[in-house]
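Here are some worked exercises to try with a model open on your screen. Have a go at each task before you read its solution.

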Amino acid sequence: MSRTKALLLDLDGVVYLGPRLLPGVARAIRALRARGLKVLFVTNNGNRSRAGFAHKLTRMGVPCATRELMNAAWAAARWPRRRHPRGTRFYVFGRSGLATELEAVGYHAVTVHTRRDWERFRAAPPRIAGVVVNFDISL
């Protein structure tokens, strides 16, 4: 590993399983970082924002900065940048991580979570440029 500069680790099933850190992971990551390797985290899970996942890892005993993590919501929020200016509205179906990441890059996430939200949306629908969808078992 002398030429290796960084490692990308998937989260669920590699670093943790549900709410539990897998045995030996924190010690192994500390050892890798002590050797000068950059340890970055990736997940196809977009239910949380990158900051949300970084907080979860840190709380579990693996210090993690937001910039050290990439997830599906982060990637989805960056994809429209070539076609849509900041301030564009997107209708979001999915957990809060997706809306948070869209808003972090300057878009407006239009979400409907309650009947009151739906009535407000129906009464004066905003101009929507597109729809961004994420896995959500509560839909």
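The exercises below start with the whole chain and then turn to single residues and pairs.

This is a predicted model, in which local features need pLDDT of at least 70 and side-chain atom pairs count only at pLDDT 80 or more, while totals for chains, interfaces and linings use all residues. Residues are numbered from 1 along each chain as its sequence is written, and side-chain values use heavy atoms, with hydrogens and water left out.

**Exercise 1. The whole chain**

Task: Find how many helices and strands the chain has, and what share of its residues is buried.

Solution.
- Step 1: Count the elements, taking helices (H or I, at least four residues) and strands (E, at least two) as DSSP runs numbered from the N terminus. The chain has 5 helices and 8 strands.
- Step 2: Read their order from the N terminus, which is β-β-β-α-β-α-β-α-β-α-β-α-β.
- Step 3: Sort residues by relative accessible area: buried is under 20%, exposed is over 50% and partly exposed is in between (1.4 Å probe, protein chains only). Of the 139 residues in the chain, 37% are buried.
- Step 4: Look at contacts, meaning heavy atoms within 4.5 Å. Among those between residues at least 6 apart in sequence, 62% join residues at least 24 apart.
- Step 5: Add the outline: along the principal axes, the C-alpha atoms fill a box of roughly 60 × 30 × 15 Å.

**Exercise 2. The salt bridges**

Task: Locate the salt bridges in the structure and say which parts of the chain each pair links.

Solution.
- Step 1: Apply the cut-off, a side-chain nitrogen of Lys or Arg within 4 Å of a carboxyl oxygen of Asp or Glu. The structure holds 2 such bridges.
- Step 2: Take E68 and R33, whose side chains meet at 3.8 Å, N to O. E68 sits in the loop between α2 and β5 (69–71) and R33 in helix α1 (residues 25–34), 35 residues apart.
- Step 3: Check their accessibility. E68 counts as buried because its relative accessibility is 17%, whereas R33, at 26%, counts as partly exposed.
- Step 4: Take R50 and E101, whose side chains meet at 3.9 Å, N to O. R50 belongs to helix α2 and E101 to helix α4 (residues 96–104), so this pair ties together parts 51 residues apart in sequence.
- Step 5: Check these two as well. R50 is buried at 14% relative accessibility, and E101 is buried at 5%.

**Exercise 3. Around helix α4**

Task: Work out which residues of α4 are buried and what they pack against.

Solution.
- Step 1: List the buried residues of α4: G97, L98, A99, E101 and L102.
- Step 2: Find their partners. These residues pack against α2, β5, α3 (72–78), β6, β7 (108–110) and β8.
- Step 3: Approach the helix from S49, in the loop between β4 (38–43) and α2 (50–60). S49 is buried, with a relative accessible area of 13%. Not counting residues up to four places away in sequence, S49 touches N71, G97, T100 and E101.
- Step 4: Look just past the end of α4, where G106 takes a positive phi of about 100 degrees.

**Exercise 4. The two faces of β8**

Task: Decide which side chains of β8 are buried, and find which residues make a nonpolar surface patch.

Solution.
- Step 1: Recall the general pattern: in a regular strand the side chains alternate between the two faces of the sheet.
- Step 2: Apply the pattern to β8. G130 and V132 point to one face and are buried, while V131 and V133 point to the other and are not.
- Step 3: Find the neighbouring strand, using the rule that two strands pair if DSSP finds at least two bridges between them. Strand β6 (residues 89–93) is joined to β8 by 4 bridges, and the two run parallel. V92 stands opposite V132 in β8.- Step 4: Build the patch from residues with over 30% relative accessible area and no salt bridge, joining like charges within 9 Å and nonpolar side chains (Val, Leu, Ile, Met, Phe, Trp, Tyr) within 5 Å. Areas come from the Shrake-Rupley method with a 1.4 Å probe, and for residues only the protein chains shown count as cover. F93, V131 and V133 make a nonpolar patch of about 270 Å².
- Step 5: Check V133, in strand β8 (residues 130–133). V133 is exposed, with a relative accessible area of 59%.
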